[in-house]
Structures are given as C-alpha cells and as structure tokens.
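Let us take a walk through this structure together, one region at a time. Keep the viewer open and turn the model as you read.

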Amino acid sequence: MNSDETAQARARALSSPVRLRILRLCLHQARTNKDIADALGMNPATTLHHVRTLVNTGFLEAEPERRGKRGAKEVPYRSTKLSWNTPLPDAAPVLLETFLQEVNGLAPDEIQVMRVGLKLGEEDQLELLARLRDLVEEFANRPAGDDAVPTSLFVAHHLDTSAG
C-alpha cells in the first residue's frame, strides 16, 4: 500500500465512532474482542470487523494469545496511540458523535464542563490551540500512578456566529 492509500485507509478507519471508542477502551489496558463487545453492548462479530480494521491500519496491535477462564483462546488488543497524530479530514462530526456516545448515561456530576466565549485574532487562536495541545500531550505522556483512573477530555473550538 502506498502512502496515499495508507492515509486514506487510516482516515476511513478513524471515521467511525465505534472504532474511536474501541481505541479509547484499549488505550490503558489490553482487551479481547469479547471484552470490547461487552463494553460497547455490541455483538462480538460486529466488533471483530472494527477490531480487524484497526489492526490492519496500525491503530491496534494484538498482544500474545492467552487462555481465557474457560480455556478458550483469547487475543488481547492494545491501542498503538497512532491515532493521536493521524490527520482526519472533517473530524468534527465523528468526534462529536463519539463524545456524545461516550457520555451517554453518565450522571451530570460525572462530567466536568467549561464553556467560555472569547474574542481572539487568528494568531491568538492558533497560540491558544497549540498551548492546549501541548498541555494535553504533557499530561498524556506522564506515567500513570497507582491511583490513576481512565478519564477523557474533549476540547472543541469553533466560531461563535451568534455573538456577532
């Protein structure tokens, strides 16, 4: 596969909220297809299709096989973190849908939100987004302590057409 085909295949792989949720599930701990299906409330055959797509595009990698509780062969998968720096054209709709699916069913006190209106020039907007990305990357690269729990962060920056 040439680099254009690889980029297109990766963009297609990331264009599914289900696949993005699978990557999040496998970020901090390896999970089998059954684990993934159970966590998402989906049929294992359906999730296996998504898992294979993510493996084939380098976003997930299989860890060594193991035997499950009943002796069945299990293959755990873990995120490679490749998705963090993979361009995704027109990402907003799929990322918003993924976010909405992930927070569905959470109690209001399980979601901390911040909303602020700003008036910034283009240079300041670019600086703000770069600094936010640097801060998030800094925390993402820190080693997790023994008391660490998986959390997610969703940041959206948009024009405020209603404020004029």
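A salt bridge here is a side-chain nitrogen of Lys or Arg within 4 Å of a carboxyl oxygen of Asp or Glu. Before we put that to use, a word on the source: this is a predicted model, in which local features need pLDDT of at least 70 and side-chain atom pairs count only at pLDDT 80 or more, while totals for chains, interfaces and linings use all residues. Residues are numbered from 1 along each chain as its sequence is written, and side-chain values use heavy atoms, with hydrogens and water left out.

Let us begin with the overall layout. The chain has six helices and four strands, where helices (H or I, at least four residues) and strands (E, at least two) are DSSP runs numbered from the N terminus. Followed along the sequence, these elements give the pattern α-α-α-α-β-β-β-β-α-α. The C-alpha trace spans about 60 × 45 × 30 Å along its principal axes. Of the 164 residues in the chain, 22% count as buried; buried means under 20% relative accessible area, exposed over 50%, and partly exposed in between, with a 1.4 Å probe and protein chains only.

Now look at how two of the helices meet. Two packed helices are described by the angle between their axes and the distance between the axes. For helix α2 (residues 17-25) and α5, the axes come within 9 Å and cross at roughly 60°. That crossing makes α2 oblique to α5. The label depends on the angle: under 35 degrees counts as roughly parallel, over 145 as roughly antiparallel, 65 to 115 as roughly perpendicular, and the rest as oblique. The axes themselves are lines fitted to C-alpha atoms, for helices over the stretch in contact, and angles run from 0 to 180 degrees between N-to-C directions. The crossing of α2 and α5 is also right-handed, meaning that the near helix is turned clockwise from the far one by less than a right angle, whereas an anticlockwise turn would be left-handed.

How many salt bridges does a search of the whole structure find? It finds eight, and three of them are good places to stop. In the pair Lys-34 and Asp-38, the closest N and O atoms are 2.8 Å apart. Both residues sit in helix α3 (residues 33-40), four residues apart, about one turn of the helix. Lys-34 is exposed, at a relative accessible area of 52%.

The salt bridge between Arg-78 and Glu-63 has its closest N and O atoms 3.0 Å apart. Arg-78 belongs to strand β4 and Glu-63 to the loop between β1 (60-62) and β2 (66-67), so this pair ties together parts that are 15 residues apart in sequence. Arg-78 is partly exposed at 28% relative accessibility, and Glu-63 is partly exposed at 29%. The third pair is Arg-142 with Glu-138, again a salt bridge, with 3.0 Å between the closest N and O atoms. Here Arg-142 is partly exposed, with a relative accessible area of 44%, and Glu-138 is partly exposed, with 42%.

Next comes a look at the backbone. Most residues other than glycine have a negative phi. Lys-81, although not a glycine, has a positive phi of about 70°. Lys-81 lies in the loop between β4 (77-79) and α5 (91-103) and is exposed, with a relative accessible area of 52%. Asp-90 is not a glycine either, yet has a positive phi of about 50°. Asp-90 is also placed in the loop between β4 and α5, and at 71% relative accessibility counts as exposed.

Finally, turn to the region after α5. Lys-119 lies in the loop between α5 and α6 and is exposed at 80% relative accessibility. The C-alpha atoms of Lys-119 and Leu-159 are separated by 9.6 Å, with these positions 40 residues apart along the chain.

Where does Val-155 lie? Val-155 is found in the segment after α6 (122-140), and at 49% relative accessibility this residue is partly exposed. Together with Leu-129, Leu-132 and Leu-153, Val-155 forms a nonpolar patch on the surface, with about 340 Å² of accessible area in all. Patches are made of residues with over 30% relative accessible area and no salt bridge, with like charges joined within 9 Å and nonpolar side chains (Val, Leu, Ile, Met, Phe, Trp, Tyr) within 5 Å. The accessible areas come from the Shrake-Rupley method with a 1.4 Å probe, and for residues only the protein chains shown count as cover.
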